[in-house]
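Here is a protein model to look through together. Let's ask how each label is earned, one step at a time.

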Amino acid sequence: MKSLGKNLWSPVLRLKKALLLLKGNWLSLVLWPLVGLVAIAGLWGLLESRDALEQDRVRTEVGHNAMALSKAYATQMAQSLEKLDDLTLFLKHSWETSGGHIDLAKLSARGVFSTAQSAVVLIAGPDGRAITSTRPFKPGLTFADRQYFQYHLANNNDALRVGQPTVGRISGQRVIQMTRRLSRLDGSFDGVLIVSVADDFFALMPETTVFGKEGLQALVGDDGLMRVAFIGRSGGALRNDALGATTTCLATKQASLFSSACFPDAVPRYVASTSLGSYPFKAIVGLSEREALRSYLVQSQETHVLFAIGSALVVFLGLFAVALSVRLRIKRREASKIREAYRMATENGKDGFYLYKRVLDKADMLVDFQVVDCNERGAALYGKVKRDLVGTTFRDLYGAGDFRDSIVENYNQIYTTGYGEDEYEVEAGSLVSATWLHRKFVRTFEGLAVTLRDISDTVATKNDLARIALEDELTGLPNRRWLTGALPEILLVAGQRAQTVSILFIDLDNFKNVNDTLGHSAGDELLQAAAKRLGELMRQGDRVIRLGGDEFTVVLAPGCDDASVSNVAARIVQAFKGPFAVGGATNIVGASVGIAEYPRDGTDSESLLRKADMAMYAAKVSKGSFRFYSTDLAERLHKRLTTEQDLREALKLDQLVVYYQPRVRTGSGELVGMEALVRWMHPTRGLIMPDEFIPVAENSDLIVEIGEVVALKVAGQLARWRDDGLRIVPISVNVSPRQFDKGGVADLVRRCLQKTGLPATFIEVEITESAMMGDSEQIAAQLAALAELGIKIHVDDFGKGYSSLSLLQRLSLDVLKIDRAFTADLGITPESRVFYRAIVSMAHALGMTTVAEGVETAAQLQELRELGCDEIQGYLISKPLPALETSQVLIRYSTVRNAKAKVKEPFSVHRFDTGHGEGPQPVLSIVSD
């Protein structure tokens, strides 16, 4: 009985003990459960609100995705149809202009159909029978029963027509056929051009993650008929009525949810459509609703499970908090033991540990902090041992003064907040033997617990890394990253002070030549020398930055006016005209400088650097100069860059054409040659003259490619005229100074001759005086290579440039073309006749033939005959003519030559028919006397 009574009273006794421990803390018994219930209710409310918002977000996102995919699909289809449209137009034109004589199999072998490599291209005649195809077909194969054939037979409409899916009669596969009517010259029906492509040609990324396994894509015509449709990775036929309804509902181009009844797989989808623009089709994309919500539903279910677990945990924590309250007083009793254990644990650590007690005066005002405990590492940081440091105050260590007062004030502020942690640079006068410290402060019952760690090495390493990251490795200058970080701050301060800031963008003009000829190590040496030279030119407050490659930027000290900036830029340009001794050689590179000013040209660093760069490009046109940014400069640069981009496209699309201007003997009028002149046949602007695009090409490598294109076209045209039985004459091709500097002109001419089988006498080369002003040995070598081939060399526009007589004497040249400015002055000033006679006499003395350029009047012709000029060229004879009109000139020339051959008389006396009235005549007329 006693044992039973003891067991019954034991829980009661434990409860009584707990209640005694919680005396004065009853509120904690109620507070924690109440807080837990409020937290649970709030969390579940937030969860439901979040679920609703997430569903709306997912639905909105899938609608946007459907619209984005629809636009992407429409763009892809428009581009694909445009390529096939261009292909069929090309084939239609070839068929109709050749009189129905093209071989599609041969064209396919030559790669003409690279746009649609998997397509079958076929031409059916007016009776429906196959005539030619890119793939073999059975004889007698007919397409007269096809619906598109009947359509083109009945409709005089040559627009591209896209049919519905069918089984191709050649491929035997499911295809979509695009057709175009073929017509004879009188407009009558001449058959049908058919391009068959597999229906997956119209698919858009069926395996993309956003598209999903249940995603729908379809191409529907404005006639409501479906061309292709895919669901997931496999095609599926959709009901035309459901798809038609979808197309109608999407007329506003908004993504909408369509019910399962609209689709054969009964899957609701968000559907969007986009028109193909110039083609009568809509690209339709549908994204599955259940796929879109699947990840959300899984996540929502997991979240509910987690919230349920969390709610249970909150309940548990509430109960646990009550239990902790019971043990609170017990833990407080053990707090001092824990602090002692912590001190002992840190005794032998790497960090210095200190316990500071606040020292108060009689008025309970803080006057100092005293070290009541520390470890040996902490004492060592002060250069002491533990027994000497414990018990000391900051007054004992530092005496009375500002340094000691600042330490006490700092520690007191941390005591007030209760916690502090920082990285601290040790001030001069401190006894701590470190440069940088990591400090951690925790308020204790009587003062502060402080941990100090010496991080001097870590901070030094970090500073070195930061310096390296902002410094150019080669030159030691600040780099682009430094500029990106520092320039916005410089502009901000300048704006606050109403000051200007000038940015100079510097590019070395001929640096690439050094790299190419002497190697990259010499290039690096030159960049280091250039950086040093720039630094020596700068004033106090100016900063030189290397952006990369051979580009530098200078940020001038704020407050400079335009005159001061011009002086700095001029000094830079002048300094870089001096030679650099690198790689065992003396090199002159030069510098071009572009200038932009804050806030006149821009208020942010990005726009200022961009505009300074634009100004540099403008300066680089003449090289070795500087330019300030201006709006008209930006417009000109934009126009030049646009022209350069269009010119690159023109070269790809073969838009350059060659015109030919005849050259005749002054005395007889005999046709002796022609000059090839390039023109640009722009698809929208029409014929563009060379003065609009050749200067742009000269400032880029495009002039080299243009020179090659013209030379190949000229050689090909000469070969065609020869094959047509015409008497051909030599044609001179202009070679730019850049093309001549790069060399390889002789190789280009050799390729032209080998490709066409022409004798070397029919291609001649024209170079300007400026092309002869470079390395004389290199120029002589190139001219010798051309001479070895038997190519005549013309000096074009003589008198316009340097007119170096010594060069004419040293170099082996054949023809001297006198600039039109001298011809225009004939008969106007007495000196002009003297100059002209001197030039002709000099050329004849050197064994050169003379050609007068720009001859426009009969009076000029008479003067040139009297002066003994050998040949003439100009509008009096003929304007530059396209190849077709030039053919007529050659036909007339051949006729005159043949007529003379029959009577065995020398072709020597002819006259010019200059027409009636004044002014130059644009058509050459050679008539026998």
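Q: Where in this predicted model does Pro-599 lie?
A: Pro-599 belongs to the loop between strand S23 (591–598) and helix H16 (605–620).

Q: What makes the peptide bond that joins Tyr-598 and Pro-599 a cis one?
A: Look at omega: for the bond between Tyr-598 and Pro-599 it is about 0°, and the bond is cis.

Q: How do you know that Asp-797 is partly exposed?
A: Its relative accessible area is 21%. Buried would need a value under 20%, and exposed a value over 50%, so a residue in between is called partly exposed. Asp-797 therefore earns the label "partly exposed" with its 21%.

Q: What else can we say about the backbone of Asp-797, and where is this residue found?
A: Asp-797 sits in strand S30. Its phi is near 55°, a positive value in a residue other than glycine.

Q: Where does Asp-654 lie, and what is its phi?
A: You will find Asp-654 in the loop between helix H17 (631–652) and strand S25 (656–665). Here too there is a positive phi in a residue other than glycine, with a value near 55°.

Q: Why is Asp-870 called partly exposed?
A: Run the check again: Asp-870 has a relative accessible area of 27%. The label covers values between the 20% and 50% cut-offs, so 27% gives "partly exposed". This residue is in the loop between helix H26 (858–867) and strand S33 (871–873).

Q: Which residues is Asp-870 in contact with, leaving aside its neighbours within four places in sequence?
A: Contact asks for heavy atoms within 4.5 Å. By that rule Asp-870 is in contact with Val-664, Arg-665, Thr-666, His-844, Met-848, Thr-849 and Thr-850. As for Ala-852, 18 residues apart from Asp-870 along the chain, the two C-alpha atoms are separated by 8.1 Å.

Q: Why is strand S1 said to be largely enclosed by the rest of the structure?
A: Count its buried residues: in S1 (residues 120–124), five of the five are buried, so the strand is largely enclosed. Both faces are covered, with Val-120, Leu-122 and Ala-124 on one side and Val-121 and Ile-123 on the other.

Q: What makes S1 and S6 a pair?
A: Two strands pair if there are at least two bridges between them. Five bridges join S1 to strand S6 (residues 189–198), so the rule is met, and the two run antiparallel. Within this pair, Leu-122 stands opposite Ile-194 in S6.

Q: How do you know that S1 also pairs with S2?
A: Three bridges link S1 with strand S2 (residues 130–133), again in the antiparallel sense. At least two are needed, so S1 and S2 count as a pair. One bridge partner to look for is Thr-132 in S2, which matches Ile-123. The hairpin of S1 and S2 has five residues between the strands, and Gly-128 there takes a positive phi near 95°.

Q: In which sense, parallel or antiparallel, does S31 pair with S30 and with S32?
A: S30 and S31 pair in the parallel sense over three bridges, and S31 and strand S32 (residues 849–853) do so over four bridges. His-794 stands opposite Val-815 in S31, while Lys-817 has Val-851 in S32 as its bridge partner. From S31 (residues 815–818), Val-815 and Lys-817 point one way and Leu-816 and Ile-818 the other way, and all are buried.

Q: How much space lies in the second largest pocket, and which residues are closest to its centre?
A: The second largest pocket holds about 1,200 Å³ of space. It is lined by 40 residues, and the closest to its centre are Glu-675, Leu-677, Asn-734, Asp-796 and Asp-797.

Q: What makes up the lining of the second largest pocket?
A: By residue type, the lining divides into 16 nonpolar, 11 polar and 13 charged. S26 gives the largest share, five residues. Among the other elements that each supply at least two residues are helix H19 (702–723) and strand S30 (793–798).

Technical notes: Residues numbered from 1 in each chain as written. Predicted model: local features only at pLDDT ≥ 70, side-chain atom pairs only at ≥ 80, totals over all residues. Heavy atoms only, no water. 1 Å grid on protein atoms, 1.4 Å probe; cavity = no way out; pocket = protein on both sides within 12 Å on 5 of 7 lines; lining within 4 Å. Points joined across faces, edges and corners; volume = space filled by probe spheres on them. Nonpolar A, V, L, I, M, F, W, Y, C, P; charged D, E, K, R; others polar. Buried < 20%, exposed > 50% of the residue type's maximum accessible area, 1.4 Å probe, protein only.
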